[in-house]
Amino acid sequence: MANLVNLESVSKSFGVRPLLDGVSLGVNEGDRIGVVGLNGGGKTTLLEVLAGVEPADDGRVSRSRDLRMAVVTQRTELPEGSTVRNAVIDPLGFDAEHEWAADARVRSILDGLGITALGLDSVVSTMSGGERRRVALAAALIQDLELIVLDEPTNHLDVEGVRWLAEHLLARKCALVVVTHDRWFLDTVCNRTWEVVLGKVEQYEGGYADWIFARAERQRLADAAEEKRQNLARKELAWLRRGAPARTSKPRYRIEAAEALIADVPAPRDNVELLAFAKKRLGRTVIELEGTTLSIPDRVLVRDLTWRIGPGDRIGLVGVNGSGKTTLLKLLAGEREPETGKRIQGQTVKIAHLSQELHDLDGSMRVLEAIEEIARRVVLGKYEMSASQLGERFGFSSQKQWTPVSDLSGGERRRLQLCRLLMAEPNVLLLDEPTNDLDIDTLQQLEDLLDSWPGTLVVISHDRYLVERVCDKVVALFGDGKLTDLPGGIDEYLKRRDSLRDRETSTGPAVGKTPSNAADQRAARKELARLERRLEVLHKKEAELHAALAEAATDPDKLLKLDAELRAVLAEETDVEAAWMAAAEVVEG
């Protein structure tokens, strides 16, 4: 494969702080590289040096001649005063409106990122930051490229938009380098992972799951090496004390890699125990909506909604951007009043609402002072921590905790806001996009806290990993004035969105959706039975492969082969489940 970009012994510092230190790596045709690491650790700097946005202090950056590359970072700016049409369509050189409208690829990108809905004649400068980022992303993706460089492209996309972007990038032939904290996106799109740590870049094959496994294995080996070193030191000391060489037998032990990797994994969330604790803290009534109607200026979000949120409920709220999720969360928090109906709140309820807006804090306060202003110690489920310990959980090192609030970035202020909310020991958490601006390590810390948190939780998030880990139930706003329960979670939401989109674009009833006679239904029932039998076979095969992967943890070649088999089985499961849903709709008529 041809090399597109190459870094040789590249270093880059800001002030006295080295972010890249003698980094050598390359990007080849077909590479889809995910870049991970702590916030402020140099991920964006690596992207900008690689793309030529920032020069290297030392070393050499070489790119193939006439490389067709597009870069969208957090500093990308669109031309002042331009419209969406100017930024996205005009550079393509179409002479007439109907020419670009007839181009299926162009239409797909505009629709997939929601650009058409923004309006092609809308002025970019009047848009929100998230909308401008989507326009910049569309302007990049619409080009014929060999390399795309993206910094946090999923931050302003909903779950559906993240899935569309993943499918679009997989379908393209060009190389990709992307910084993102969206673990589903990393696992779906990337075939290589770069971890930026302490000025170096560790390189791994595979996506997020492969990187986590490799990192855990690396830690296990490091721990084993340290244990061996200490054992040797103890033997040397014993020999010196005895004054003569001793014939000691070398310790014989064998640690299975798979067992070592899973030895410290916590048990699954005990929902029964957490529910019992939540009922003691909250009583029977938490938040209830009865016959409520909630509107915004141009439409009704929910009509005559009755929704009872009980003690210990863990709910993920999903919907497209603009569907009303944030407004509904404000209603739950008591910050909005419904047009009709009423909101009831239990007497013992103590709500913490993490909104998308940053609240002003005294800029002269230190980070630790801002946390301790709420409390000095906190109990969160099974964890009891000091303010400083909780701050460290959210990425504020002991040194960083003495930084003035005025010197914090937007992402750091949001993390501080979340710390302060948790220090108040609420029993109801309402979280609006809590994962924005969090790196993967901090996300894991947040999930670990929420996973064992004994209260009521409602989360809005486009991060599928977070929703699927900390929530027991998913509900959605589809724009029909109702709140829809989704037993199948995020997967069911995406399937329903696909079905809705098909109906909107179809000129007539979809084939197989509305059978005209009993014969069609009999055929669909037969197909359902066949698909269910196939799913049973696939589920059994999946379980066998997981067991085989655990047994082969120390055999890299066998691991790769088994992993490929597992991915094929999972892909077929997805296809069979989709076919099952389609057949079920036919049967239900």
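Helix 12 (residues 325-333) lies across strand 12 (314-318), strand 14, strand 17, strand 18 (456-460), strand 19 (473-477) and strand 20. Helix 12 runs at about 160° to strand 17. This is a predicted model: local features need pLDDT of at least 70, side-chain atom pairs count only at pLDDT 80 or more, and totals for chains, interfaces and linings use all residues. Residues are numbered from 1 along each chain as its sequence is written, and side-chain values use heavy atoms, with hydrogens and water left out.

**Terms**
- Helices (H or I, at least four residues) and strands (E, at least two) are DSSP runs, numbered from the N terminus.
- Two strands pair if DSSP finds at least two bridges between them.
- Contact means heavy atoms within 4.5 Å.
- Axes are lines fitted to C-alpha atoms, for helices over the stretch in contact, and angles run from 0 to 180 degrees between N-to-C directions.

**The sheet under helix 12**
- This open sheet has six strands in the order 14-17-18-12-19-20, with mixed pairing.
- Strand 14 (351-354) and strand 20 (483-485) are its edges, and each pairs on one side only.
- From one strand to the next, the twist averages 20°.
- Strand 14 and strand 17 (residues 428-432) run parallel, joined by four bridges.
- Ala352 stands opposite Leu429 in strand 17.
- Helix 15 (residues 410-423) lies across strand 14 and strand 17, at about 175° to strand 14.

**Another six-stranded sheet**
- Here the order is 5-6-7-3-8-9; the sheet is open and the pairing mixed.
- Its edge strands, strand 5 (69-72) and strand 9 (200-205), each pair on one side only.
- Neighbouring strands are turned by 15° against each other on average, direction ignored.
- Six bridges link strand 8 (residues 192-197) and strand 9 in the antiparallel sense.
- Arg192 has Glu205 in strand 9 as its bridge partner.
- Helix 1 (residues 43-51) lies across strands of this sheet, including strand 3 (32-37) and strand 6 (147-151), and runs at about 150° to strand 6.

**Cavities**
- A cavity is a set of points on a 1 Å grid over the protein atoms alone where a 1.4 Å probe fits but cannot get out; lining residues have an atom within 4 Å of a point.
- There are three cavities of 30 Å³ or more.
- The largest cavity has a volume of about 70 Å³, and its lining residues include Val72, Arg133 and His156.
- Helix 6 (residues 129-141) gives the most to that lining, with three residues.
- The second largest cavity has a volume of about 50 Å³, and Lys43, Glu152 and Asp439 are among its lining residues.

Notes
On a 1 Å grid over the protein atoms alone, a cavity is a set of points where a 1.4 Å probe fits but cannot get out, and a pocket is an open set with protein on both sides within 12 Å along at least five of seven lines; lining residues have an atom within 4 Å of a point. Grid points are joined across faces, edges and corners, and a volume is the space filled by probe spheres set on the points.
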